[in-house]
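Thanks for sharing this one. Here are my notes, in numbered points, to read with the structure open beside you.

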Amino acid sequence: MNSELTRLFLMIDRCGIDDTIEFANRTLRIYRRSVLMSAKRGYDKPHFASSREFRPKFIQSYIILKLFLSLQNTHNVKEV
């Protein structure tokens with residue numbers, strides 16, 4: 001199981017679905033911004049998430065968070 005998915009399940013158990021959704025939204029924005037902060041885009045101090053080594057992992061986590069949020073919005077799921 002992916003570590004991001006594991007973290008979401010643990011957060012649901014510990015904090016509840018509403019706090020987990022808020023966390024996922026916040027983390028999604030941070031991951032996206034971090035991946036886009038690259039030297040190719042003109043940033044003097046690129047984020048390590050934009051490097052060749054870490055970019056795929058951040059993008060994979062972004063997709064999992066996006067999928068989790070879309071399932072919550074589409075199906076109004078309150079329990080996982």
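1. Let me begin with a residue in the middle of things. R26 is partly exposed, because its relative accessibility is 38% and the partly exposed class lies between 20% and 50%. Please keep in mind throughout that this is a predicted model.

2. R26 has a charged partner. The side chains of E22 and R26 meet in a salt bridge, at 3.5 Å from N to O. Both residues sit in helix α2, which covers residues 17–36, and they are four residues apart, about one turn of the helix. E22 is partly exposed as well, with a relative accessible area of 47%. As general background, side chains of opposite charge can pair when their charged atoms come close.

3. How many salt bridges does the structure hold? There are two. Besides the pair in helix α2, the side chains of E4 and R7 meet in a salt bridge, with 2.6 Å between N and O. E4 and R7 are about one helical turn apart, because three residues separate them in helix α1. The contact between these two side chains also appears as a polar contact, again at 2.6 Å.

4. Is E4 buried or exposed? E4 is buried, because its relative accessible area is 3% and the cut-off for buried is under 20%. R7, its salt-bridge partner, is partly exposed at 33%. I would look at this pair on screen with the surface switched on and off.

5. What surrounds E4? E4 belongs to helix α1, residues 3–15. Setting aside residues up to four places away in sequence, E4 touches F23, Y31, S61, I64 and L65. One of these, Y31, lies in helix α2.

6. Y31 deserves its own point. Y31 is buried, with a relative accessible area of 14%. Leaving out neighbours within four places in sequence, Y31 is in contact with E4, R7, F58, S61, Y62 and L65. Both members of the E4–R7 salt bridge are therefore among the contacts of Y31, given that contact here means heavy atoms within 4.5 Å. Y31 can also be placed relative to P56: the two are 25 residues apart in sequence, and their C-alpha atoms are 11 Å apart in space.

7. Now to the loop between α2 and α3, where α3 spans residues 55–75. S38 is found in this loop. S38 counts as buried, because its relative accessibility is 11%, which is under the 20% cut-off. Not counting residues up to four places away in sequence, S38 touches Y43, P46 and S50.

8. H47 lies in the loop between α2 and α3 too. At 25% relative accessibility, H47 is partly exposed. The side chain of H47 reaches the backbone nitrogen of A49 at 2.9 Å. Beyond residues up to four places away in sequence, H47 touches S34 and M37. For a sense of distance, H47 and Q60 are 13 residues apart in sequence and 17 Å apart in space, taken from C-alpha to C-alpha.

9. Stepping back to the chain as a whole, which elements does it contain? The protein chain has three helices and zero strands, in the order α-α-α from the N terminus on. Along the principal axes, its C-alpha atoms fill a box of roughly 45 × 20 × 20 Å.

10. How is the chain packed, by the numbers? Of the 80 residues in the protein chain, 31% are buried. Among contacts between residues at least 6 apart in sequence, 55% join residues at least 24 apart. The E4 contacts with S61, I64 and L65 and the Y31 contacts with F58, S61, Y62 and L65 are good places to look at individual pairs.

11. Finally, surface and charge. The accessible surface of the protein chain is about 5900 Å², and 55% of that belongs to carbon and sulfur atoms. The chain carries 14 positive and 8 negative charges, and the mean positions of the two sets are 11 Å apart.

Methods
Residues numbered from 1 in each chain as written. Predicted model: local features only at pLDDT ≥ 70, side-chain atom pairs only at ≥ 80, totals over all residues. Heavy atoms only, no water. Helix = DSSP H or I, 4+ residues; strand = E, 2+ residues; numbered from the N terminus. Buried < 20%, exposed > 50% of the residue type's maximum accessible area, 1.4 Å probe, protein only. Areas by Shrake-Rupley, 256 points an atom, 1.4 Å probe, with all protein chains shown as cover. Lys, Arg positive; Asp, Glu negative; His and termini not counted. Charge placed at Lys NZ, Arg CZ, Asp CG, Glu CD. Polar contact = N/O pair within 3.5 Å; in protein donor to acceptor, adjacent residues only side chain to side chain. Salt bridge = Lys/Arg side-chain N within 4 Å of Asp/Glu carboxyl O.
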